[in-house]
Structures are given as structure tokens and as C-alpha cells.
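Work through the exercises below with the model open. Try each task before reading its solution.

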Amino acid sequence: PNGPPCPVCARPCASLRLLPCLHSLCAPCLRRLGPLGEAGRAAASSSSLSVLCPVCDAEVSLPPGGVGQLTPDYLALSRDGGEQEAEDPVAAGCDLCADGAAIRRCLTCGAYLCLFCCQAHRRQKKTASHTLTELENVKDCSQAGKPLFCPSHPTEELRLFCEQCDHPVCRDCLVDRHRQHAYDFTSNVIHRHGNALRELLKSTQQHMGALEGVLSQIDDMGSAIRSRAEAVATEICLFASGYVKAIEEHRDRLLKQLEDLKVQKENLLHLQKAQLQQLLLDMRTGMEFTERLLTSGSNLEILITKGVVASRLAKLNSIAYNTHPSVDDRIQFSPQERAGQCCGYEVFGAILNKVVDPARCTLHGEDLHSARQNQLTGFTLLCNDTMGERMGRGGEAVQVTITHNDKKDCAVKPTVCDNGDGTYRISYSPEEPGLYAVCIYVKGQHVQGSPFTLTVKKFREHQGVFHCCTFCSSGGQKAARCACGGTMPGGYQGCGHGHKGHPGCPHWSCCGQVKESSECLGGPASDTSQRSLLRTVAL
């Protein structure tokens, strides 16, 4: 049989069918595709069947009708026909006189014409407006302009497009299965559907550019990891060169750990790279197919194939992928780290990050040992390593307990905030006054200064008024006083703006504090002063 070769069996086939992954196979190869595992065999009896494409190993779903319902690959068939004509252009004869060799082709009626018939074609009134082109110009245009006939009505040409079924139809189809469906001529809808495919193609091209950039980053990161691993290996060799058999054995062990770490990182990069390369290959296949369809396919070919093409491109565009390498090149070697015993000798050096030392961790805060009832307060924990240096990173297991000494069932639930730089903010709000025992653990061990005693006192509320001055808040009463100690001429016992003793800003009348959300510092007031302050508050 004539036709393009099947990519699996390499046999010419005149009825290639297009899979959802945009690879076309012949019918025998399609029938040989088996379902995927036990789940696939179970799905074989249902409405859909999933198979693996033998070309790209992509999992694709067959339509409910099976292989026969797959879209024919008209583009491959027409491309093969165009190649056969290109191999023997003289073999095509004139379709009108059947005597001369065809030198041109009418793109309007699809007829091959000799020189004499071309001239007659232009002179006749009915065909004078037809477009003629040289045969060399239509070598790669497949069957552009040739009619395609309805599979259900072989004598009827596909000239209409059913909007409801999203498929080309003939006139007989409109009075049969597509009755009362919205339809239009293929020449009227090709622009809309072609533009939709072009938009999907543009989005796919953008994703391909991003994928190529990520793959380039992965290659660079692989080189950086190898370079870093070589540098660390050199450091390890220099450190181990001054030791004897025990140190040499320890060195070999370190190099083995480094190799395992490098292999682990490279394997993760290789896995990510393989996945992205496969995605890029799938996108390139879809892009090339779509470009050929839009540039070489006829209107009907685009309309017939656009459903499966759009589905494939949309599926590829929806696949999520990481835009950065999945691992980094942080590989560190610490020669001062204790590594235990090797052949009876204590050795140092390990491939790891800094290790926190709870005994060197310190606590910082203004009111570390005192707090007020129902007031949010806290302190800061600074984590250091075994050398007393700041860790510079977070992630440590920090545990804090705050328990009342007299009421064992009274405990405060603190909040530990990891700042990510080796410091941790511990916040709490005690509800009961008294003495508390505060314990801070890092990796299950007490830090420096833990445990310590915390004293919680009652919060004294202000009994006065927060005012600008006594004269204003009391309405000009001479007997009203203020704890700031300010006075005014004329027998006024309270403070006033710009007069002696006024703090120059709003303050509390009961204690003189200038901060509104503060604790009252005033002592027990006498009856006379209390009456005066209460009077001020009332006013």
C-alpha cells in the first residue's frame, strides 16, 4: 500500500491515526497497544482506555469508540502525497486535455493544467478569477485545495463546520445526526480556530524558552557541584595528609561520604533534568506538529486535527515544573568537628554544617527576670556553636517551659519565633502573679543560665486621667492637682501649659507618666489627694 511509513513498524500506511500525544500510528500497531497494568485492564471495559505511546512513552487515553474514533492524520498523508509528486513532477498530466504535461495547478478548483489549458483557463469567464501557481510552489502544500469527503457520506464534500459538535460535516450530516445544530462554512470559522491554535502555540513556545533556561541552570549547577566537591576533596586530602593509618582511614571515610553526597545531589539533578527534557521534547513535538499543521495543512485539515492538537498543547502547558535546580551546591567540611574514634584514635573533621552547643547559647532581654500580669513580654535566645560563634541559621529544636512555683497546674504557654539567623524570640503573657521557673532547652539540654526564676507582679492600672494639663482637664478648677507637681499662678494647685513643673507633653495625673499604655507608678494616695484626683477624673 501507498502512504507514509508508520513510525513503529516502518510499513507504508494510508490510514494513520493520531494519538493525543500527536504521534500517528497505523491501525495494526494501535491494536497491539495493551492497557496499562491491572488498572488499565479494568479500565478497558469502561468508557476509556489508557495506553502508552510506543514513540514517546506518554500515557494517552483512547476515545470511547476505541482506535477507530481516533483522528486521521491527514497532514502526514497529504505530506507524503506531496513528496511523491515532488519526486516525479512530470508524471502529473493535464486534468482537462489529458495530452500535455501539467506545469501549473489551479488552487481554486484543484485541477492540474498544461500551458495551453492554463491560457484557456484564464480566458474563460467562469475561471478567469481562479488562482494558478507553479507546480514547484505546491510541492510542500500537501493536498491544499483538494476536497475532503465525509466518512459517513463518501460522495459529499466536507464544506460545513458543526459548532455544537466542533467537527467538519457535510450537507447530509446536517439533516441527519447534526439536525438543528449551529453550523457555518469552514471558510468562515477557520480564522477563529486557527487563531486559537496560534495562541496555544505561542504559550507553548514561551514555556519551551523557560525550560531551556532551567536546563541550562541545571547544567551550570552540576558543574558547580562537581567543582565544589573537588575543592572540598582537596581540603580533606590536605587535612588528612599529616596523619598516619588512622587518619588515612578516616580520610577515606570522609571521601566516601562526600561522594555519596555528591552522587545524591547529582542524581536529584539528573532526575529533574530528565523530567524537564522529556517535557521539552513533548512540547517541541507538539510545537513542530502544530506549526506544520498551521503552515502546510488545509483549512479542513486544521479543523479536523485542531481538537486533538489543542488538547495536547493545553495539557503540556498545564504541567507544573520547578524553575530552579532542585538542589544547591552547599557542601561544607569542618576540620574542627569531633568525629569520634578511628582505629583507637580520636579524629576530627566531618562533612556537615555548624553544630549548636547548648552550653554556649545565651539569653538576652531587658526584663529577663521580671514581668507584669497579663502583659506580653519576652526575651531572645542566641544560639552559638561549639566554638562560641553565632550559628547564623535557624532550624534548631528549641523548647521553653514556664511553670508557677506554687501552683503546679498554672503554666504559661510561650511562643517561640525562629528568626532564621540563629536567634529565637520567646514571647509569653502570664495570667497569675508570683514566682515562675523558666527552663530553656536546645536539643533537650539546658542553655546557659537555664533554669532561672521569673517574678510576675500585678499590673497597676492608672487611677487618674491622661491629660494635657490640669487646667484643661478640670475646666479651670483651682483645687484640681496633678502628680507631675506643676502649678500655676493665681492659686491654681494643678499644672498648666508653659508653667512651672509642666512636663511639656500629655501625661497621667495620677503618677506623671508620659506614656499612655504604661503601668501606674504612683504610691498610695491620701484621702484628700484621692478626692482631688477622682474629682479630676470625673471632670
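**Exercise 1. Find the aromatic pairs and describe the one that involves F471.**

Solution. Search the whole structure: four aromatic pairs turn up. A pair here means rings of Phe, Tyr or Trp (its six-membered ring) with centres within 6.5 Å; planes under 30 degrees apart are stacked, over 60 edge-to-face, the rest tilted. Now take F471 and Y492. Their centres are 5.5 Å apart and their planes meet at 70 degrees, so the pair is edge-to-face. Next, place the partners. F471 belongs to helix α9, while Y492 is in the loop between α9 and β25 (507–508); 21 residues separate them, and the pair links distant parts of the chain. Helices are DSSP runs of H or I with at least four residues, strands are runs of E with at least two, and both are numbered from the N terminus.

Check the exposure. F471 has 35% relative accessibility, so it counts as partly exposed. Y492, at 22%, is partly exposed. The classes are buried (under 20% relative accessible area), exposed (over 50%) and partly exposed (in between), with a 1.4 Å probe and protein chains only.

Finish with the other aromatic and charge features. The charged end of K478 sits over the Y492 ring, 5.5 Å from its centre. That label requires NZ of Lys or CZ of Arg within 6 Å of the ring centre and within 35 degrees of the ring normal. Elsewhere, F379, Y428 and F452 make up one aromatic cluster.

Two notes on the source. This is a predicted model, in which local features need pLDDT of at least 70 and side-chain atom pairs count only at pLDDT 80 or more, while totals for chains, interfaces and linings use all residues. Residues are numbered from 1 along each chain as its sequence is written, and side-chain values use heavy atoms, with hydrogens and water left out.

**Exercise 2. How many disulfides does the structure hold?**

Solution. Apply the cut-off: two cysteine sulfur atoms within 2.5 Å. The count is zero. Test C118: its nearest cysteine sulfur is that of C114, 6.6 Å away, and C118 is in no disulfide. C118 is buried, because its relative accessible area is 3%. Test C505: the closest cysteine sulfur, in C484, is 9.7 Å away, too far for a bond. C505 is partly exposed at 30% relative accessibility.

**Exercise 3. Which residues does A339 contact, leaving aside neighbours within four places in sequence?**

Solution. First locate A339: strand β12, residues 334–342. Then list heavy atoms within 4.5 Å, the contact cut-off. The partners are H250, R253, V347, F348 and G349. H250 is 89 residues from A339 along the chain, yet their C-alpha atoms are separated by 8.9 Å. A339 has 26% relative accessibility and counts as partly exposed.

**Exercise 4. Inspect the backbone at P451, L22 and Q180.**

Solution. Start with omega. The peptide bond from S450 to P451 is cis, with omega near 0 degrees. P451 sits in the loop between β22 (445–446) and β23 (452–457). Move on to phi. L22 is not a glycine, yet its phi is positive, near 75 degrees. Q180, also not a glycine, has a positive phi of about 65 degrees. Both are in loops: L22 between β1 (17–18) and β2 (24–25), Q180 between α5 (171–174) and β11 (183–185).

Are these two residues buried or exposed? L22 is buried at 4% relative accessibility. Q180 is exposed at 79%.
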